Amino acid sequence: MSAVDVYLADLRTAVPGPSWARRDLLREAGDHLEDATDAYTRAGYPTAEAEALALRDFGAVDVVAPGFRDTVAIGGARRTAALLVLVMIPQAFLWDGGINLGGTAHSTAPDTGLFHALDVLIGYVGTAGALGAIIALVATAIGQRWLRIGRGTARMTAAWSLATATVVPVTGFTMLTLTGGLTVTLAISAIALMAAPFALVALSAQRTLAAC
């Protein structure tokens, strides 16, 4: 392995997070180092010395890695926030109208304190989760022009998304169970249209947290 290959391997190890985000950054770093090495080679330096000079100019791994980690974490947070927004949009349609999964239980909502509390909880969490995701999406996209966005923001976005992606489906299934009309067909529909999409959000959030 060349010195550049060793450097890129060390940089890959020092920057955790989603593989798709790291791959793009490492490709850019590799292209930059290759161009710099070629430039020094054309200037008359031997290949090994040209690589060493290119690596010196690029910076040591422990110096470069924090900036790469910020970029990966912010990219992961943006992806997670966008995914949460896309998942939250159809939820009201699925439950209160349109498909109306709740109505397929053919059972009235129980008049109990627990059910009403869960109904209020899922409403607040759903609204707060969607608004928070939209704010995070804007902040991690165009907000970087005016705000200092780093791993702290990415960590907050991921934690917020993970909490929303956990509370909403758990609460939804609990409410369906309390109606007494939960059938196998309804459970499968709820898993496919609610639990599975939120599971993707949770997975993306966990990968973002790993990058932070």
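These are my notebook entries on four helices and two residues of a predicted model.

**Entry 1: helix H3**

I began with helix H3, residues 47-58, and checked its length. Its twelve residues should span 16 Å at 1.5 Å a residue, and I found its end C-alpha atoms 16 Å apart, so the two values agree. Next I looked up which residues of H3 are buried. They are Ala50, Glu51, Leu53, Ala54 and Leu55. These buried residues pack against helix H1 (3-14) and helix H2 (19-42). After H3 comes Gly59, and I noted that its phi is positive, near 115°.

**Entry 2: H4 against H8**

I then turned to helix H4 (residues 61-88) and helix H8 (residues 184-211). Their axes come within 9 Å and cross at roughly 165°. Angles over 145 degrees count as roughly antiparallel, so H4 is roughly antiparallel to H8. The crossing of H4 past H8 is left-handed. I listed the residues that make the contact: among them are Arg69, Gly76, Arg79, Thr80 and Leu83 of H4, and Pro197, Phe198, Ser204 and Thr208 of H8. Sorted by kind, the residues of this contact are 13 nonpolar, four polar and two charged.

**Entry 3: Ser204**

I picked one residue from the H8 side, Ser204, which sits in helix H8. Is Ser204 buried or exposed? Its relative accessible area is 11%. The cut-off for buried is under 20%, so Ser204 is buried. Leaving out residues up to four places away in sequence, I found that Ser204 touches Gly76, Arg79, Thr80 and Leu83. Those four also appear on the H4 side of the contact with H8.

**Entry 4: helix H6**

Helix H6 covers residues 113-141, which is 29 residues. From its first C-alpha to its last I read 42 Å, close to the 42 Å expected at 1.5 Å a residue. The buried residues of H6 include Phe115, Leu118, Val125, Gly126, Gly129, Gly132 and Thr140. I looked up what covers the buried residues of H6, and the cover includes H4 and helix H7 (151-179).

**Entry 5: Gly129**

My last residue was Gly129, in helix H6. Its relative accessibility is 1%, so Gly129 counts as buried. Which residues does Gly129 touch, not counting those up to four places away in sequence? I found Leu84, Trp160 and Thr164. Gly129 and Leu84 are 45 residues apart along the chain, yet their C-alpha atoms are separated by 8.1 Å. I had already met Leu84 as one of the H4 residues in the contact with H8.

Methods
Residues numbered from 1 in each chain as written. Predicted model: local features only at pLDDT ≥ 70, side-chain atom pairs only at ≥ 80, totals over all residues. Heavy atoms only, no water. Helix = DSSP H or I, 4+ residues; strand = E, 2+ residues; numbered from the N terminus. Expected span 1.5 Å × (residues − 1). Buried < 20%, exposed > 50% of the residue type's maximum accessible area, 1.4 Å probe, protein only. Contact = heavy atoms within 4.5 Å. Axes fitted to C-alpha atoms, helices over the stretch in contact; angles between N-to-C directions. Parallel < 35°, antiparallel > 145°, perpendicular 65-115°, else oblique. Left-handed = near helix turned anticlockwise from the far one by under 90°. Nonpolar A, V, L, I, M, F, W, Y, C, P; charged D, E, K, R; others polar.
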